[in-house]
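Trainee: I would like a close look at a single part of this protein rather than a tour of the whole. Please pick one helix and follow what it touches.

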Amino acid sequence: MKKILAASALAIATLSVSPILSVPAIAQAKGVGVADVRVAAARSNAFQTASTQIETTYKAQIDQQQSRGQTLQAEINVLIAKYNEEAKKTPVNQTALQAAAKAVQDKRQSAQTELGQIGAPVDLAIAYVEDQISVRMNEAIKAAMTAKKVDLLVNPEAVIARENNVDITDAVVAELNRILPNVSTAVPAGYQPGQLVQQRNQQLMDQARAAQGGTRPATPAPAPTGTAPTTR
């Protein structure tokens, strides 16, 4: 579960939330709130359930990655020990020391590549889950703002001091649970991370252009489909 939760940080830039641009905007706001959308996403029922499903579906890959990671770390530790031995010699053989350092660096890079390949299906499934949540996050935020009578929402990192009652993260979680109770962990063929958000953004841009120019928006590309897994 730690690996799944560690990958839960959603990029705020993918959400179509209006940014805070100036002090006057804050001064004119009737109600100001704070919310951490990344925390809200990670605490949502959809993400929690999907995390459990991913751990079950990809248990072999997760176990293999952990086991292989321990083996590779042991091999790296041997190389580090050799480097330390070279560093302690007097006088130091710079050629041997540099070779030992390069061996450690090369081993670390190859280990990261190998572990990344083993865990690629898991990472892709996590990205697909995050993408589905990102598409609906803005809707949940707006609903939470309405429920809490907030017309200006800021990121906690942009706040110097605040009272606890201005934090509406729990309200965002509640709305997200209502709007999106579950997501699929079955990654469609050809899916690329961020694809659903890109399609949604393009759809919104087309609708905005149509509203301004009176032209009909282009038909959005169909979202990838997949068979939803059986929940435990």
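Mentor: Start with Val 129, which lies in helix α6. The model is a predicted one, and what follows should be read with that in mind. Val 129 has a relative accessible area of 1%, under the 20% cut-off, and is therefore buried. Its contacts, leaving out residues up to four places away in sequence, are Phe 47, Ala 50, Ile 54, Val 183, Ser 184 and Thr 185. For Ser 184 there is also a distance: the C-alpha atoms of Val 129 and Ser 184 are 6.8 Å apart, with the two positions 55 residues apart in sequence.

Some of those partners lead to helix α4, which covers residues 45-57. In α4, Phe 47, Ala 50 and Ile 54, each touched by Val 129, are buried, as are Ala 46, Ser 51 and Gln 53. An α-helix has 3.6 residues a turn, so residues three or four places apart point the same way. Ser 51 is also in α4, and with a relative accessible area of 1% it is buried. The C-alpha atom of Ser 51 is 8.7 Å from that of Thr 185, although 134 residues separate them in sequence. Thr 185 is also one of the residues that Val 129 touches. As for the length of α4, its 13 residues should span 18 Å at 1.5 Å a residue, and the end C-alpha atoms are 18 Å apart, so the two values agree.

Now to the helix that holds Val 129. Helix α6 takes in residues 94-147, and its axis comes within 7 Å of the axis of helix α8, residues 195-213. The two axes cross at roughly 25 degrees. An angle under 35 degrees counts as roughly parallel, and α6 and α8 are therefore roughly parallel to each other. On the α6 side the contact is made by Tyr 128, Asp 131, Gln 132, Ser 134 and Val 135; on the α8 side, by Gln 195, Leu 196, Val 197 and Arg 200. Sorted by class, this contact holds 4 nonpolar, 3 polar and 2 charged residues.

Helix α6 also meets helix α7, residues 169-179, where the axes come within 8 Å and cross at roughly 125 degrees. The helices α6 and α7 are therefore oblique to each other. The crossing of α6 past α7 is right-handed. From α6, the residues in this contact are Ile 133, Arg 136, Met 137, Glu 139, Ala 140, Ile 141, Ala 143, Ala 144 and Ala 147. They meet Ala 171, Val 172, Glu 175, Leu 176, Arg 178 and Ile 179 of α7. By class, the contact of α6 with α7 divides into 11 nonpolar and 4 charged residues, with no polar ones.

Thr 169 is in α7 too. Its relative accessible area is 6%, so Thr 169 is buried. Apart from residues up to four places away in sequence, Thr 169 touches Val 34, Ala 35, Asp 36, Val 39, Ala 40 and Arg 43.

Two loops next to α6 deserve a note. The loop between α5 and α6 contains Pro 91, and the peptide bond joining Thr 90 and Pro 91 is cis, with omega about -5 degrees. The loop between α6 and β2 contains Lys 149, which is not a glycine but has a positive phi of about 55 degrees. Lys 149 is exposed, with a relative accessible area of 71%.

On the other side of the Pro 91 loop is α5, residues 59-88. Its 30 residues should span 44 Å at 1.5 Å a residue, and the end C-alpha atoms are 43 Å apart, which agrees. The buried residues of α5 are Ile 62, Gln 65, Gly 69, Leu 72, Ile 76, Leu 79 and Glu 86.

To place all this in the chain: there are 8 helices and 2 strands, and from the N terminus the order is α-α-β-α-α-α-α-β-α-α. Of the 232 residues in the protein chain, 33% are buried. Among contacts between residues at least 6 apart in sequence, 86% join residues at least 24 apart.

Technical notes: Residues numbered from 1 in each chain as written. Predicted model: local features only at pLDDT ≥ 70, side-chain atom pairs only at ≥ 80, totals over all residues. Heavy atoms only, no water. Axes fitted to C-alpha atoms, helices over the stretch in contact; angles between N-to-C directions. Helix = DSSP H or I, 4+ residues; strand = E, 2+ residues; numbered from the N terminus. Parallel < 35°, antiparallel > 145°, perpendicular 65-115°, else oblique. Contact = heavy atoms within 4.5 Å. Nonpolar A, V, L, I, M, F, W, Y, C, P; charged D, E, K, R; others polar. Left-handed = near helix turned anticlockwise from the far one by under 90°. Expected span 1.5 Å × (residues − 1). Buried < 20%, exposed > 50% of the residue type's maximum accessible area, 1.4 Å probe, protein only.
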